[in-house]
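Biologist: I'd like a close look at one buried spot in this protein, and then at what lies around it. Could you walk me through it slowly, as you would for someone in their first year?

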Amino acid sequence: MTPAARTTTAVCGADALPTGTGYAPCHHGEILQGVFLDGDGRRCAGLVTLPMAGPGSSAEFVRRPGTAPQALTVTTADRTKAARAAALAVAECAQRTGQPLCGGELRLTGDIPVGLGMGSSTSDVIATVRAVADSYGLRLAPGTVARIAVRAESACDPLMLDDRPVLFAQREGRVLEVLGPALPPLAVVGCTLGGGAPVDTLSLPVHEPGDSDVRAWERMRTRLRRAVATGDVQLLGQVATASARRAQQVLGHPEFDALTCIARRVGAAGVQIAHSGAVAGVLFDPAAPGLRHRVRSCLRALDAHGIPATRTFTTFTTTKEHLNGPAHRGVDRPAGPDTPRRPARLPAL
């Protein structure tokens, strides 16, 4: 069972209030984002996120039967999207169990940076929905969680799903395509652009895509599908870089050209960004020779250009020996797309 799917119910005494807990992870921005054609040929906004282990949101919901539905409090009070999600989840679960609507108390904790495009609000919302369902003794299907999340925050990331790479319609809460069983293994040097300042997505200029734009995104989708099927990190990096470059028409990060130059100079596969935030990553093939040297060179170059490095991580299960010891250097490839994996941090560099 993945951490994203894990919920547990608190042990309650005979007079204790029903309590549920839930958890949801974050992501590290997008590999691809644009407008695509769905199965009916209709234009649909969609994205493919880059998974990252570590930061996440945890929620605890104490249900109070007999109280009014409006008697629902959230700690902290500024989590308005999570509050809406809690009310929607209560309505869903009450209907399923035949119980009357009621209020409750939601407590949220987490360590996801806000405003960087890492899915902090979606993580809060999904953790909340899972906690409410857990308090009813229910486990809602990912599609139901996605539907509630979209109603709570207008658009959501696919954090309610497993780790399979999917093209996800964020404004509709549905999967447009499962691209394959897993992304190719990646090592990622995370950083922030724009000085790490949060991006106000509502203030960004609106670009209405034309037919040529949609065709370009569909070509990227085809290439990404092939990269996943063949485990081709270089091709994935090319797609991510092309998508990030298109996003600069709206985001306009002044450091973006420097970031892509650094990636080329250190032999990275490419770069990825949050298309609605400031987080970015330099993507490496962990099986390429001299990974540690490339990562060190990347970190030095980022520092020289005033681009703050954040976290270096991998998207596959690895061992310290693989990254640090010479015995496996250039010999054993890390887990491939058909191998169960769990994202992990690289050792300190």
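Modeller: Let's start with H28. This residue counts as buried because its relative accessibility is just 2%, and the cut-off for buried is under 20%. Keep in mind that we're looking at a predicted model. H28 sits in strand β1. So what does the side chain of H28 pair up with? Its partner is the side chain of Q272, and the polar contact between the two is 2.8 Å. Q272 isn't alone in touching H28: if you skip residues up to four places away in sequence, H28 also touches L50, M52, V188, G190, V279, A280, G281 and F313. Contacts that reach along the chain like this bring us to a figure for the whole protein: among contacts with a separation of 6 or more, 74% are between residues 24 or more positions apart.

Now follow the strand that holds H28. β1 covers residues 19–37, and it's among the elements that cover the buried residues of helix α5. The others named there include α4 (211–230), α6 (256–265), β8 (270–273) and β9 (279–284). Which residues of α5 are buried? The list is V233, L235, L236, G237, V239, A240, T241, S243, A244, A247, Q248 and L251.

You can also check the length of this helix yourself. α5 has 19 residues (233–251), and at 1.5 Å a residue these should span 27 Å; the end C-alpha atoms are 25 Å apart, so the two values agree. Look at both ends while you're there. At the start of α5, D232 has a side-chain oxygen within 3.1 Å of the backbone nitrogen of Q234. After the helix comes G252, with a positive phi near 60°.

β9 turned up as part of the cover over α5, and the loop between β9 and α7 (291–304) holds D285. Is D285 buried or exposed? It counts as buried, because its relative accessible area is 19% and the limit is under 20%. A polar atom of the D285 side chain lies 2.9 Å from the backbone nitrogen of A287. D285 and A269 are 16 residues apart along the chain, with 6.7 Å between their C-alpha atoms.

Let's move on to the nonpolar cores. In soluble globular proteins, nonpolar side chains tend to be buried together. The largest core here has 37 residues, and the members that touch the most others are L106, V129, V132, Y136, L140, M160 and F168. At least two residues each come from β2 (43–64), β3 (72–75), α1 (80–97), β4 (103–110), α2 (120–135), α3 (142–153) and β5 (166–169). Helix α1 gives the most, with eight residues. A second core is separate from this one and has 36 residues, including C44, V48, A169 and L186. For a single member of the largest core, try V132: apart from neighbours within four places in sequence, V132 contacts F61, A86, A89, V90 and C93.

Two of those strands make a nice pair to look at side by side. In a regular strand the side chains alternate between the two faces of the sheet. In β3, L72 and V74 point to one face and are buried, whereas T73 and T75 point to the other face and are not. In β5, both faces are covered: V166 and F168 on one side are buried, and so are L167 and A169 on the other.

Their partners are worth a look too. β3 runs parallel to β4, with four bridges between them, and L72 stands opposite G104 in β4. β5 and β6 (residues 174–178) run antiparallel, also joined by four bridges. The partner of V166 across that pairing is V178. β5 and β6 form a hairpin with four residues between them, and G173 in the turn has a positive phi of about 70°.

Last, the cysteines. How many disulfides are there? The count is zero. C44 is buried because its relative accessibility is 3%, below the 20% cut-off. C298 has 0% and so counts as buried as well. The nearest cysteine sulfur to C298 belongs to C191, 7.3 Å away.

How values were computed:
Residues numbered from 1 in each chain as written. Predicted model: local features only at pLDDT ≥ 70, side-chain atom pairs only at ≥ 80, totals over all residues. Heavy atoms only, no water. Core = buried A, V, L, I, M, F, W, Y, C linked by side-chain atoms within 4.5 Å. Buried < 20%, exposed > 50% of the residue type's maximum accessible area, 1.4 Å probe, protein only. Contact = heavy atoms within 4.5 Å. Expected span 1.5 Å × (residues − 1). Polar contact = N/O pair within 3.5 Å; in protein donor to acceptor, adjacent residues only side chain to side chain. Pairing = 2+ DSSP bridges. Disulfide = S-S within 2.5 Å.
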